[in-house]
Amino acid sequence: MNNELALQPVWDFFISHLGSFVSSPGLILTAVMLGVYVPGIFFSIIDVFVSKRLTLQESVAVYWRAMKWYSTFYVVAMVIFVLVPLPIKLNVPANAPTVFEFFKDLVLYFLIGDVASYVWHRIEHHNKWYAKHVHCVHHFDKPPLSIWTAMVVHPVEGFSVFVFFHIYGILFPIHPLTFFVAAFSLTAVTMVTHCGYKIPIYDTLFANSPCHDFHHANRKPTNVSVVLTICDRIFGTYQKA
């Protein structure tokens, strides 16, 4: 199968099983929530049953503190997306993206999302009012972190970081299949950055948990990015774990 057709079976599966939902913004919101819950549940199992650094009760408590409002928002939003006709729809082409288009957009999604979220995160720390009244919610948790710490954020910050993480897909034309995979993957990475564990190979590619622990422990912003380490290295905020 050539590169022009390699992803077509996947896209055909989406269209045949999801129908008109592939054009709904709810598709991307679902990708984001899967990016939260898949690594969230996996590392919660590790916390409770493998490393045993948290009891089940402690794990459920931090999950509920992080997700009670966001999970409720998702359910309500999905009801609206499914039942209410909306003027905003994703363009649904008949053809899947080529392999080149898919990976080009995936890389740009990560790079631009990393730069935008890095700049915004620096602003969050620099603005004293915002840091004290909004961003402080996230920094309430100190190492060792639970993976659900990634979602312990003020609603204002929750909305803002969503926009900056996914700004490439929001502002630029991108195939819905690529958008779905990118939104899931980038969200999962931001979650794993808070997981509390060293992960060989993965830690050399992405912003990792041992480094991000410094960010939560130090007064001076270090290891600001939760996606890649490029901006931290360029702007002198990287601290090796």
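Q: Where α4 passes α8, is the crossing left-handed or right-handed?
A: In this predicted model, where local features need pLDDT of at least 70, side-chain atom pairs count only at pLDDT 80 or more, and totals for chains, interfaces and linings use all residues, α4 passes α8 in a right-handed crossing (the near helix is turned clockwise from the far one by less than a right angle). Residues are numbered from 1 along each chain as its sequence is written, and side-chain values use heavy atoms, without hydrogens or water.

Q: Which residues make that contact?
A: From α4 come Phe102, Asp105, Leu106, Tyr109 and Phe110, and from α8 come Thr178, Phe179, Val181, Ala182, Ala183, Ser185, Leu186 and Val189, with contact taken as heavy atoms within 4.5 Å.

Q: Switching to α3, where is its kink centred?
A: Helix α3 spans residues 56–83 and has a kink of about 55° centred on methionine 67, the bend being the angle between axes fitted to the seven residues ending there and the seven starting there.

Q: And which of its residues are buried?
A: Met67 is itself on that list, along with Ser59, Val62, Ala66, Tyr70, Ser71, Tyr74, Ala77 and Met78, where buried means under 20% relative accessible area with a 1.4 Å probe, protein chains only.

Q: What covers them?
A: The cover includes α2 (26–50) and α6 (155–165).

Q: How many helices and strands does the chain have?
A: There are eleven helices and zero strands, as DSSP runs of H or I with at least four residues, or E with at least two.

Q: What share of the chain is buried?
A: Buried residues make up 48% of the 241, and the C-alpha atoms fill a box of roughly 50 × 40 × 40 Å along the principal axes.

Key: Buried means under 20% relative accessible area, exposed over 50%, partly exposed in between (1.4 Å probe, protein chains only).
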